[in-house]
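Here's a quick look at a few spots in this structure. Have the sequence and the model open as you read.

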Amino acid sequence: IWHTGIVVYGKEYFFEGGITCVPAATTRFGLPIRILSLGVTQIRQHVFEQWTMEVEQERYGATAYHITKNNCNHFTLDASLFLTGRRIPNYVMGLPNDILSTPLGTMLAPVMDRLMDGVQQQLIQQEHQMQCRAGQKTEDPPPATLMIWGCENPQHIFRKVEAACTGLSPEEMDLLHQVEMVLKEPSQDSSLDAAKVHDLLQQLFERVTAARWVVLDMLRLLVLVDSFCVFHEQNTDALDFLGPLVAAFPRLCNVTRVMVLRVVCNLFASDMGCRHVMATSRLQAVVDAVCFAFSVPCPVVRITAASVAHNMAIQANDLLRDGDQCTQVFSSLCQHAEAEEDSSVIRTMLMAMYHFVHNSQVSKAFFPTLAPRLHGAAQSADIEVRATAILLSKEVMAL
């Protein structure tokens with residue numbers, strides 16, 4: 001099967017467990033054996049790169065690759081159509097079908113599908129990065145453990161920051177590398193100048209208006225760093241630049257929605273972050289964004305919103321005095337969990353609902369209508385969804 005990429009603006013873009021961008025003809029596959037001209041594009045670079053960020057989130061992410069059904073050639077075709085309106089040669093796109101139509105291909109197709117399913121399940125587990133307690137029995141209650149969106153390879157994030165934030169000064173590059181080292185080796189936390197890092201984040205945020213999600217991707221890791229939290233503890237308005245994004249959530253693209261929610265989700269990991277999210281002036285905008293996200297077609301947006309609701313349910317008992325927002329989130333969870341089809345999303349929604357009920361954050365007036373809605377989840381083929389739904393039902397009955 002051919003490997004292809006598309007070269008534009010002096011860079012080569014290709015799909016391989018996410019969309020990758022490198023200088024032209026420098027991929028790990030070596031020098032190209034064939035180069036075809038597809039014409040001239042009128043699309044500006046920042047528009048194309050914004051498009052790549054959106055389609056990566058929607059259909060070309062790390063868990064979406066399939067060797068015959070969704071490979072590098074499918075991305076190259078979509079990119080070519082976006083840039084020029086032209087298709088890539090049929091012999092490139094048609095080769096997998098030519099192989100699968102042979103007797104040997106017919107025999108291998110089920111094997112490849114099972115292999116890709118196994119690979120994708122491993123990638124999904126890595127992608128979600130949910131640092132929850134391991135080894136829980138399915139009959140045990142969901143642990144009151146916060147869901148955190150971490151990253152095993154910060155280097156990947158920083159390469160995207162450097163690509164999006166062109167024209168960085170040597171001092172800015174050096175500071176970015178210091179942050180990268182701290183995220184790789186948390187023991188070096190004390191060497192980080194959090195005030196300078198915060199100033200750089202704000203500057204980058206204003207500089208790359210078309211790709212702010214890359215800055216947010218770095219921020220969601222920084223809010224887990226002790227020295228960064230201490231700085232914001234002493235400068236309570238330092239994160240206020242997030243406010244307009246949260247307020248404009250329905251107008252954001254999906255990739256930016258995901259990153260905004262991941263920052264909010266990770267803020268619950270520290271006292272500083274909890275107080276920031278739960279502040280009266282900010283909480284309603286966060287709640288509105290979470291409830292809106294449950295109706296977004298992209299499952300990554302929905303599961304991230306569910307993880308925010310989960311963390312809110314755990315922390316609300318100590319930090320939230322006004323129950324109206326809890327009621328709003330819980331009501332939205334009830335409404336959307338009933339129609340949700342993605343097992344990972346529904347399980348996270350059910351866990352959030354469990355903690356809202358367990359912590360007595362919602363009115364018992366919800367309970368009579370809740371039990372019928374849980375019936376479908378309790379019959380789910382997914383054992384974890386089924387177990388969580390049953391536990392939530394038992395908690396409701398006990399109360």
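## Val92, a cavity and a helix

Let's start with Val92, which sits in helix 3 (residues 90-100). Keep in mind that this is a predicted model. Is Val92 buried or exposed? Its relative accessibility is 6%, and buried means under 20%, so Val92 counts as buried. Setting aside neighbours within four places in sequence, Val92 touches Trp2, Thr4 and Asn73. Then there's His3: 89 residues separate Val92 and His3 in sequence, yet their C-alpha atoms are 8.8 Å apart in space.

Now for the empty space. How many cavities of 30 Å³ or more turn up in the whole structure? The search finds one. The largest cavity comes out at about 30 Å³ in volume. Three elements each give two or more residues to its lining, namely helix 6 (170-184), helix 7 (194-207) and helix 8 (212-222). Leu175, Leu176, Val179, Val197, Leu200, Leu201, Met218 and Leu222 line the largest cavity. Sorted by class, that lining looks like this:

| Class | Residues in the lining of the largest cavity |
|---|---|
| Nonpolar | eight residues |
| Polar | no residues |
| Charged | no residues |

Last stop: helix 11 (residues 254-267). With 14 residues at 1.5 Å a residue, helix 11 should span 20 Å, and its end C-alpha atoms are indeed 20 Å apart, so the two agree. As for burial, 14 of the 14 residues of helix 11 are buried, which means the helix is largely enclosed by the rest of the structure.

Methods. Residues are numbered from 1 along each chain as its sequence is written. This is a predicted model: local features need pLDDT of at least 70, side-chain atom pairs count only at pLDDT 80 or more; totals for chains, interfaces and linings use all residues. Side-chain values use heavy atoms; hydrogens and water are left out. Helices (H or I, at least four residues) and strands (E, at least two) are DSSP runs, numbered from the N terminus. The expected span of a helix is 1.5 Å times one less than its number of residues. Buried means under 20% relative accessible area, exposed over 50%, partly exposed in between (1.4 Å probe, protein chains only). Contact means heavy atoms within 4.5 Å. On a 1 Å grid over the protein atoms alone, a cavity is a set of points where a 1.4 Å probe fits but cannot get out, and a pocket is an open set with protein on both sides within 12 Å along at least five of seven lines; lining residues have an atom within 4 Å of a point. Grid points are joined across faces, edges and corners, and a volume is the space filled by probe spheres set on the points. Ala, Val, Leu, Ile, Met, Phe, Trp, Tyr, Cys and Pro count as nonpolar, Asp, Glu, Lys and Arg as charged, and the others, Gly among them, as polar.
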